[in-house]
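Thank you all for making time this morning. I would like to walk you through one structure, going from the whole chain to a few places inside, and I will try to keep to what can be read from the coordinates.

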Amino acid sequence: MESRHFVRFLLLFLGIVTLLVITWINLPYAPPNATEIFDCNSFSSWCTSKNRFQPKKIINPLKQLTKPTRHLASHTPQHPLDPLTIQEINHVRTILSSHPLFKFSSPYAFHSVSLEEPDKPLVLNWKRGESLLPRKASVIARVNNKSYVLTVDLSTEQVTLHSRVPLSGYPTMTVEDMTSSTWAPLANATFNRTILERGVDLKDLACLPISLGWFGKAEENRRLIKVQCYSMKDTANFYMRPIEGLTVLLDMDTKQVVEISDKGRTIPIPKAANTDYRFSAQELHKQMNLINPISIEQPKGPSFVIEDEHMVKWANWEFHLKPDARAGVIVSRARVKDPNTGEVRNVMYKGFSSELFVPYMDPTDAWYFKTYMDAGEYGFGLQSMPLDPLNDCPRNAYYMDGVFAAADGTPYVRSNMVCVFERYAGDIGWRHSESPITGMEIREVRPKVTLVVRMAASVANYDYIVDWEFQTDGLIRVKVGLSGILMVKGTPYENMNQVSEQENLFGTLLSENVIGVIHDHYITFYLDMDIDESDNSFVKVNIQRQDTAPGKSPRASYLKATRNVAKTEKDAQIKLKLYDPAEFHVINPTKKTRVGNPVGYKVVPAGTAASLLDLEDPPQKRGAFTNNQIWVTPYNRSEEWAGGLFVYQSQGEDTLAVWSDRDRPIENKDIVVWYTLGFHHVPCQEDFPIMPTVSSSFDLKPVNFFESNPILRIPPNLEKDLPVCKPTASS
């Protein structure tokens, strides 16, 4: 008896010590004087010191072709939309440390410290060289288990406490929330005993913090999280070795275990064989060299420059670019040069990924709650990982770091978070060859070179690659790639011949004892379009069949385009339909082309999977922003996050769907377009043990914006202009 008590005590003690040590190790840190910056390059935010240097004000990545060009966080902002610097975040921390809300309270945590952008008209009127607009920080904090939204004026040091907070929900988790939650169960003797009884050594244990959505009053009035665990034994790919059916319900604030559910004791842990995806883990005789090395060389360097560390200028485009803890990356003030007038014209004031919704289609006890909102719950930017030069981004890419705040307000750096590069993949900008029957020997072709802004977020198992691609013809393509590792379910089955026809696996048997569960991905983008100024209209151009009158034509039918201007928000709630096609234009009704068409851009949909969940299903109520593929709302600076400001455990009363149902006027107003890319994913064996990237995109395309083809006068490629690469002589 005494021996059993001693073992229990020892396990409890080890769990507590492990929790404290791991939590302490994983806290990001940067020194208060910011004479150094710290790179935080892993999920655990382990930081290593690097010497700081001051980059030039204008950066052209033309040199050092063998090394990635990097932007380290600046001491001084140069543009009203520049993100907070290390010094500014430290200043915010100092100001708040003496504020009564924080000075006399413990515990507290900063869940978000970001730039509170100046009012839009002030930014639009600001010119480079003018005094910078007042710098303010928007802070979301938890103090004594209560959420607060504050504004900190960095000049006056005035702190404004906002009274309006969402009715339900909590702020985005901090990295410390996630890290400490994965280790907290180790302080529970029952949990440790359960792990050992499942045949897993505690040293081989890996656990994940899983947001639990909202499913009723039992989950209200405290921050909860669920933790599920895996075996790391003999593989880096622990995701493929789930301890199925074991779920820990944890109080995120107290780190106390509320409940342990263990309903999978009869399900074996899948074997580690063939799960490791690392190149170094592949047997040498099985490694495949299918293609020769390939690289795009630019002896004169890229054609883009970065001014003042955040203004990108390339070809006929210029825009402001910054990393963001929640959105990942934000593109602002996108403008394109008109080839006829030379005027640099407004296209988009601001664009970013507003929210992700990833519901899994398994209603059983250990899976029903897996309905992630990766931006609002985990922070899309917080989960970004450093990009890998030559593989994530090609040679000559330019890299930009993100600067974020830890839970105690200390700034830290996420290095190489965003890259910018030119892409040429043999695509064609335009072409025409004349038929010999005309007697004219014409063959005119122009290559397509584009500029790509890329970030990649690794939200635990899944990797998302987000590209903003700019074309010289004025088109902007927004692409999302899905890769990484499936979230899988353990099963007793090793072959489909063991499964009865009546049984629902909720997915695909991928390998012995491994099921890939069916799920969806939805990525909703915020697009504040400003087509030649802010006041725009949304036009649905219906494409409908018209029947010809008897005897009027040999044709029985044709298509007609009918323009319908949306008056209010409900007119612009769009569900895409294959057999009810339409185009979706954003126009400036006060500005016309030479021949009288309103200038505009159109949304060209793709990735059109739509949610099939019941509208009253709790996850869909929270993810109601996916009820339509397109929405249009009047500009409101408080309406940027499609799932609401506080998403974690929210009930869906502060979503894009709620705002849009107010049915506000949108004709000839400053409007925001929202587009949702959707994917249905029925896993297949090719997704095991790691998924080949699947991508989809949508376009923002000029429609009567220019007077004619804007790249008509660009030259073709000529042999004399291109580099000639010679193989190195063999020894």
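Of the 731 residues in the protein chain, 53% count as buried, and I should say at once that what we are looking at is a predicted model. The secondary structure of this chain comes to 9 helices and 36 strands. If we take the contacts between residues at least 6 apart in sequence, 68% of them join residues that are at least 24 apart.

Let me begin with an open sheet of 4 strands, whose order is β9-β10-β11-β12 and whose pairing is antiparallel. The edges of this sheet are β9, residues 205–210, and β12, residues 257–262, and each of them has a single partner strand, so one side of each is left without a neighbour in the sheet. Neighbouring strands here are turned against each other by 25° on average, with direction ignored. In the middle of that order, strand β10, which covers residues 224–231, is joined by 4 bridges to strand β11, residues 246–251, and the two run antiparallel. If you would like one pair to find on the screen, take Lys226, whose bridge partner in β11 is Leu249.

Two helices lie across strands of this sheet. Helix α5, residues 175–183, lies across β9, β10 and β11, and runs at about 135° to β9, while helix α6, residues 189–197, lies across β9, β10, β11 and β12, running at about 165° to β11.

Now please move further along the chain to strand β30, residues 535–547, which pairs in the antiparallel sense with strand β35, residues 669–681, over 2 bridges. In that pairing Asn536 of the chain stands opposite Lys669 in β35. Strand β30 is also joined by 6 bridges to strand β32, residues 582–592, again running antiparallel, and there the bridge partner of Phe538 is Val586 in β32. Finally, 9 bridges join β30 to strand β31, residues 557–565, and these two strands run antiparallel as well; within β31, Thr562 is the bridge partner of Asn542. As a general reminder while you look at these strands, side chains in a regular strand alternate between the two faces of the sheet.

From there I would like to turn to a single residue, Ser353, which has its place in strand β17, residues 344–359. Is Ser353 buried or exposed? Its relative accessibility is 3%, and because buried means under 20%, Ser353 counts as buried. A polar atom of the Ser353 side chain lies 2.8 Å from the backbone oxygen of Ala327. Leaving aside residues up to four places away in sequence, Ser353 touches Ala327, Phe380, Ile523, Thr524, Phe525 and Trp641.

The last topic is empty space. A search of the whole structure finds 4 cavities of 30 Å³ or more, and the largest cavity holds about 190 Å³ of space. It is lined by 16 residues, of which Tyr372, Asp374, Val459, Ala460 and Asn461 are the closest to its centre. Which elements each supply at least two residues of the lining of the largest cavity? They are β9, α7, residues 374–378, and β24, residues 462–471. The largest share of that lining, 3 residues, comes from β9, which brings us back to the strand we met at an edge of the open sheet.

Methods. Residues numbered from 1 in each chain as written. Predicted model: local features only at pLDDT ≥ 70, side-chain atom pairs only at ≥ 80, totals over all residues. Heavy atoms only, no water. Pairing = 2+ DSSP bridges. Axes fitted to C-alpha atoms, helices over the stretch in contact; angles between N-to-C directions. Contact = heavy atoms within 4.5 Å. Buried < 20%, exposed > 50% of the residue type's maximum accessible area, 1.4 Å probe, protein only. Polar contact = N/O pair within 3.5 Å; in protein donor to acceptor, adjacent residues only side chain to side chain. 1 Å grid on protein atoms, 1.4 Å probe; cavity = no way out; pocket = protein on both sides within 12 Å on 5 of 7 lines; lining within 4 Å. Points joined across faces, edges and corners; volume = space filled by probe spheres on them.
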